[in-house]
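Please read the following report alongside the sequence and the coordinates. It is arranged by topic, from the overall fold to local backbone geometry.

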Amino acid sequence: MARNKGPRLGLGKVLLRIFGFFFVSALCGVLICGFMVPVVQFTSTTMGGSIGFYESLPSQLDVDSPSLSSTVLSADGQHIATFYAENRVKVPLDQMSPFIRQAIVAIEDSRFYEHPGVDAQGIIRALTSNVTKGTRQGASTLTQQYVTNVLNESRLSQGRPEDVVLSGDKTMGDKLREIKLALELEKRFSKDQILEGYLNIVFFNRNAYGIEAASRYFFSTSAKDLTLPQAALLAGLVNGPSVYDPTTAPESAFARRNLVLDRMLEQGKITQVDHDAAVASPVELKITPSLQGCAGATIAIYFCDYVSHLILNNEAYGATVEDRERLLYRGGLTITTTLDSRLQAAAQVQVDASAGANPDKWGASMTTVQPGTGKILSMAQNTVFVPQDGKFDTQLNFNVDAKDENGNDLNGAGGFQPGSTMKPFIFAEWLNEGKSPTAVVDASRRVYPVGFPWRSSCGKVLGGYSTAQKAQNLGADDDLQNNDEGYYRPMPINYGLYNSINTATFATAAQLDFCGIQKMVDAVGLHSGLDNAQINMHQIGNLLGSIGVAPVVLASAYATFANDGTYCKPIAITDISDSQGRKYPAQTPECKETVKPAVARGVTAVLQDVLKLGSGVYIEPKVQNQVPVAAKTGTSNNNGATWVAGYTTRLATASFFGDTTAGQQRAGQNVTINGKFYKSLDGYMIAGPQWANYMMQATALYPSGAFNPPAPPPSPGPSTSPAAPR
């Protein structure tokens, strides 16, 4: 005789279960009838107290949209990244496979389309099993489960994870609240609306909330394309996401899937043939991991990080950082950016190639902005965001400022010394003061001692630089140096610019009002990359670019010349909307004419000669043979930061190569990079080809015409010698 292997129960436990059965059965009937008839009389004091508590419960459930993933897109619709607290993509019911709709009803609530939100038959059946067999069957309908999910989602959205109630932890009060809300919910929404809401909110896996995310994660498909075996597996998963996870418990998942298929057959939802074919099929997963935020960006990872900081720093998206994070990670936003994925791909190839394997961790970066709009079209650098063996990793963005204008963190490297790429702005002030671009200046002068009579009409004191050789007691540097011998002589100012002669730049500044130079630098948006502060041009050393500037800022400044003197603040976001179509503030072009068109055209005319005759003549490929282009090379004092900044009428790009470590103190001298030895790095050597190769591809996508010609030069002034003492 077979022995009973079930648990032995004492008389007290048996009586308690029998009492519980009759009590809850009666309560179930009372609850349902309470919504059918106006008055129900209760003779039991206990029952009367329960119904009084029940009547005091809220009956309105705020069915807000559940936490939805936010998506960042390029301007041409390419996916960049997804932000989420819960990976979820909302889809309408008609965009879900009929198999998943049938499977979830079959296994979770076969009487879903018959009951009013609470299933009395199901409760009694579960109670009977629990009392007589000692099981722990649940009896929650899909509507009740939906209520629980909505309540928990609301708690999470409000930052109250400690208040989330799991099924096994529900009190009698929780259960009564759930029942009342479920009954009320059924009065407000159709069955299909409830089923749609449920399938969009339910938890499948820590990587997948809702049926669309689950379909993508487990099968790399959409909810509308789920096959019968796939739908059955996912429907079986919701009852125990960890127990039936096919990635960790394939046997349990397989058995559960087949149980779902059996239920579907029993309920006439599928044929025997379909059932047998589905049962015979293996569990074939095609996992598509969904990485969180910019760490999982498919392209432009650092641009993505920049965009996220623009949102998290802006009070237009919430009063507090927590509010803004909630919107980004739970608001279901579609964030359309300015990025052109084609330009981004081309830029990424170039920066990755510049240093090759890069054991010494040299940095390469490049940013393109669009003249006339300020749109950032590409932003690339040669590092990885998430550490990888053998890779140069950093989360700092080489292309942007460390902080925004309000002092908020942008996660930028803080800029790099722009060197001679600052010289066009001094030349621009020369033209702005009505001087001839071909006027001769004395570039033989190498000493500007303390007390030299620089001009400053606004009363600011000049200082910070003297060239009285070896006068170390004055804090002086050596005499002013040029890169090559043979240029210490009088020369036309345009010649000095396109050959990047330091002594010519100082001779130019010696005849200018430094307050005008300051206004010119400010007008094109140049500022310190560390703290967004003004670059103080009354510190004479800044004539040669000693304050770090971010590539996106330099590109925007050069775009001012490309755009005939109209400066546009760089922007990255063109549209933000949520799943309901609600619009949020985006960035719009902020453009203003800050440089006279004649001045901008005059600068452009000379910068075209940089590539034809001057410091950029050795840059390969010869992009100037393909399209009209203007550019300027730049190298810091220790050769640790090198640049080419250049533009067409439609694109402005700043290309950087050099040391990106804190303080940027490493010299670019006697170094081997990508297998080639360099005695001294110069802008034309690596940053130049990086820029030119990219611009060859970019200009094919953005064809450009000729620049507007400069105005005829004014008559020479009475003197081209340094200003007399005042």
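The text below covers overall content, nonpolar cores, helices, aromatic contacts and backbone geometry.

**Overall content**

The model is predicted. The chain holds 21 helices and 18 strands. Of its 726 residues, 52% are buried. Among contacts with a separation of 6 or more, 70% are between residues 24 or more positions apart.

**Nonpolar cores**

In soluble globular proteins, nonpolar side chains tend to be buried together. Here the largest nonpolar core has 98 residues, and the members that touch the most others are Phe425, Trp454 and Leu526. With neighbours within four places in sequence set aside, phenylalanine 425 contacts Met520, Val521, Val524, Leu526, Leu554, Ala557, Tyr558 and Phe561. A second core, separate from this one, comprises 53 residues, including Leu142, Leu181, Ile201 and Phe204.

**Enclosed and crossing helices**

Phenylalanine 425 is also one of the buried residues of helix 15. In that helix, nine of the ten residues are buried, so helix 15 is largely enclosed by the rest of the structure. The buried set consists of Lys423, Pro424, Phe425, Ile426, Phe427, Ala428, Glu429, Trp430 and Leu431. After helix 15 comes glycine 434, with a positive phi near 80°.

Helix 17 (residues 502-509) has eight of its eight residues buried, so helix 17 too is largely enclosed by the rest of the structure. These residues are Asn502, Thr503, Ala504, Thr505, Phe506, Ala507, Thr508 and Ala509. Their cover includes helix 15, strand 8 (440-442), strand 9 (490-492), helix 16 (493-498) and helix 18 (514-523).

Elsewhere, helix 3 (residues 98-108) and helix 10 (residues 250-266) have axes that come within 9 Å and cross at roughly 90°. Helix 3 is therefore roughly perpendicular to helix 10. On the helix 3 side, the contact is made by Phe99, Gln102, Ala103, Ala106, Ile107 and Glu108. Helix 10 contributes Arg256, Leu259, Val260, Arg263 and Met264.

**Aromatic contacts**

A search of the whole structure gives 24 aromatic pairs. How far apart are the ring centres of tyrosine 302 and phenylalanine 385, and at what angle are their planes? The centres are 5.5 Å apart and the planes are at 70°, so the pair is edge-to-face. Tyrosine 302 belongs to helix 12 (residues 301-312), while phenylalanine 385 is in the loop between strand 7 (376-381) and helix 15 (423-432), so the pair ties together parts that are 83 residues apart in sequence. Tyrosine 302 and phenylalanine 385 are both buried.

Ring pairs also join Phe392, Phe398, Phe416, Trp643 and Phe656 into a cluster.

Charged groups sit over rings as well. Arginine 446 lies over the face of tyrosine 488, 4.3 Å from the ring centre. For tryptophan 362, the residue over the ring is arginine 666, whose charged end is 4.0 Å from the ring centre.

**Backbone geometry and a buried loop residue**

Most residues other than glycine have a negative phi, and most peptide bonds are trans. The table lists two non-glycine residues with positive phi.

| Residue | Phi | Location | Relative accessibility |
|---|---|---|---|
| Lysine 361 | about 60° | loop between helix 14 (341-354) and strand 6 (363-369) | 41%, partly exposed |
| Asparagine 411 | about 65° | loop between strand 7 and helix 15 | 17%, buried |

The cut-off for buried is under 20% relative accessible area. Asparagine 411, at 17% relative accessibility, therefore counts as buried, whereas lysine 361, at 41%, counts as partly exposed.

Is the peptide bond from glutamate 620 to proline 621 cis or trans? That bond is cis, with omega near 0°. Proline 621 is placed in the loop between helix 20 (597-612) and strand 14 (630-635).

Another loop residue, serine 74, is found between strand 1 (70-73) and strand 2 (79-83). Is serine 74 buried or exposed? Its relative accessibility is 1%, so serine 74 counts as buried. Not counting residues up to four places away in sequence, serine 74 touches Ile80, Thr336, Thr337, Leu339 and Ser341.

Terms used: Residues are numbered from 1 along each chain as its sequence is written. Side-chain values use heavy atoms; hydrogens and water are left out. Rings of Phe, Tyr and Trp (its six-membered ring) pair if their centres lie within 6.5 Å; planes under 30 degrees apart count as stacked, over 60 as edge-to-face and the rest as tilted. Helices (H or I, at least four residues) and strands (E, at least two) are DSSP runs, numbered from the N terminus. Buried means under 20% relative accessible area, exposed over 50%, partly exposed in between (1.4 Å probe, protein chains only). A charge sits over a ring if NZ of Lys or CZ of Arg is within 6 Å of the ring centre and within 35 degrees of the ring normal. A nonpolar core is a set of buried Ala, Val, Leu, Ile, Met, Phe, Trp, Tyr and Cys residues joined through side-chain atoms within 4.5 Å. Contact means heavy atoms within 4.5 Å. Axes are lines fitted to C-alpha atoms, for helices over the stretch in contact, and angles run from 0 to 180 degrees between N-to-C directions. Angles under 35 degrees count as roughly parallel, over 145 as roughly antiparallel, 65 to 115 as roughly perpendicular and the rest as oblique.
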